[in-house]
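Hello,

The structure we talked about is below, with the sequence. My notes on what turned up in it follow.

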Amino acid sequence: MKVLVIGSGGREHAICRKLKESPLVDKLLCAPGNAGIAEIAEIVPIKAMELDKITAYAKENAIDLVFVAPDDPLAAGLVDMLEAEGVKAFGPRKNAAIIEGSKAFSKEFMKRHGIPTAGYATFDEYGSARAYIEKAEDFPIVLKADGLALGKGVIICADRDSALKALDDMMLSKVFGGAGSTVVIEEFLTGREMTVLAFTDGKCVRCMPASQDHKKAYDGDKGLNTGGMGAFAPTPVYTAEIERETLENIVYPTIKGLNEEGRTFRGVIYFGLMATPKGVKVIEYNARFGDPETQVVLPLLDSDLMEIVLAVTEERLDSVDIRWKDGAALTVVAASGGYPENVIKGYPITLGEFSSDLILYHAGTAYKDGALVTNGGRVFALTALGKDIADARRKVYAEIDKISFKDMRYRKDIGIK
């Protein structure tokens, strides 16, 4: 098969590496890719949001399947466009991807179907939102931009003043563009966070090992939210009892609710969860593989990813045996110094030789005049497999300084909690 992957980050590098292992894949392509992906796939110079160009390219070049990995093209309806032209695509259609594309929609959806989540209010008018915050009594509270904001549109506000500033930034200053035209204001949940990714064809659901992401920019969970500074899997927080509760109260009702609303979901669905004193609750849905969770979950997959992808698109997921490796995986992101606010691109990169049980995923990299340079906020994700989380963690931190570029930084506490 000729397979085209859409995207350019560490997640897409992890997907491409896993697809490359499949005997079902004869030719692997990626649009627009990055420097690491270029080593294993043919690069197609089309951006992820150039939907018409991607559709035309897939049709003209007899692409057998397009794997749509990022959130933006899914929310914009790329899968619908490809299918309309007779091209097989992996990922949810637009009317299902809205569970990530609109936080206001996802909250109302959970309310309709009795799925546990934080209390909330939604506003599309600044004055009403400001009045709500001014009357609020319980802090912290959480402000979320309704639309897609590269994982950065969620602000935890410790007090009224910081909440009002965050509201001004979102609705008046438009720091997240149109994504902040509507805001969701939520109660602050306490507990342990975890992520459950699942393959689904709309009928069958197969969950992957639960992972734990580290969103904050700096050690000790300080600073702004990022797209993710590291992750590990499986997380010990996800006990057998929590798994049972999550499946019964969240996973199955979500798939059932989407079907009932004519929004059948085929692809990978992401459940961002919090194990609170009052039970497991949904923090957010994503309509695709997470980043950097993919960089720890896919290395643990002991089955053919392409076989699973085809089973999802052909609605026969229940016929596939999905196996997972023993042990654990942990990844640490090497980021640009100014990430997530002021990213400077184009710094030369030096890489050493890594041990065989480490995987270097490229995220924000490119070649400029033949030299490897930084090309984004998150530049690499270095992943290790180990017998447990502590073992994988030791391996990553023993070698991460073999990555070098100006102002590089990384969190030193991934996996400690």
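A search of the whole structure, which is a predicted model, turned up one cavity of 30 Å³ or more. The space inside this largest cavity comes to about 60 Å³. Its lining is made up of 13 residues, and those nearest the centre are Phe 67, Val 68, Phe 90, Arg 288 and Phe 289. By type, the lining has 10 nonpolar residues, one polar and two charged. Two elements, α1 (10-20) and β4 (65-68), each give at least two residues to the lining.

Strand β4 also belongs to an open sheet of five strands, in the order β3-β2-β1-β4-β5, with parallel pairing. At the edges are β3 (42-43) and β5 (89-90), each of which pairs on one side only. Within the sheet, β1 (residues 2-7) and β2 (residues 27-32) are joined in the parallel sense by six bridges. One position to look up when you have the model open is Lys 2, which stands opposite Lys 27 in β2.

Next, the annotated region. The UniProt record, an unreviewed entry, lists residues 107-314 as "domain: ATP-grasp". In the model, that span is 30% helix and 29% strand, and the C-alpha atoms at its two ends are 30 Å apart.

There is also a hairpin to look at, formed by β13 and β14 with three residues between the strands. Strand β13 covers residues 216-218 and β14 covers residues 222-225; the two run antiparallel and are joined by two bridges. Tyr 218 has Lys 222 in β14 as its bridge partner. In the turn, Gly 220 has a positive phi, about 70 degrees.

The last item is a single side chain. Is Arg 244 buried, partly exposed or exposed? This arginine is part of helix α9, which covers residues 240-260. Its relative accessibility is 38%, so Arg 244 counts as partly exposed, since buried means under 20% and exposed means over 50%. The side chain of Arg 244 also makes a polar contact with the side chain of Glu 248, at 3.0 Å.

If you want a place to begin, I suggest the cavity lining, with Phe 67 and Val 68 among the residues nearest the centre, and then the five-strand sheet.

Regards

Terms used:
Residues numbered from 1 in each chain as written. Predicted model: local features only at pLDDT ≥ 70, side-chain atom pairs only at ≥ 80, totals over all residues. Heavy atoms only, no water. 1 Å grid on protein atoms, 1.4 Å probe; cavity = no way out; pocket = protein on both sides within 12 Å on 5 of 7 lines; lining within 4 Å. Points joined across faces, edges and corners; volume = space filled by probe spheres on them. Helix = DSSP H or I, 4+ residues; strand = E, 2+ residues; numbered from the N terminus. Nonpolar A, V, L, I, M, F, W, Y, C, P; charged D, E, K, R; others polar. Pairing = 2+ DSSP bridges. UniProt positions renumbered as here; feature names shortened; annotations may be inferred. Buried < 20%, exposed > 50% of the residue type's maximum accessible area, 1.4 Å probe, protein only. Polar contact = N/O pair within 3.5 Å; in protein donor to acceptor, adjacent residues only side chain to side chain.
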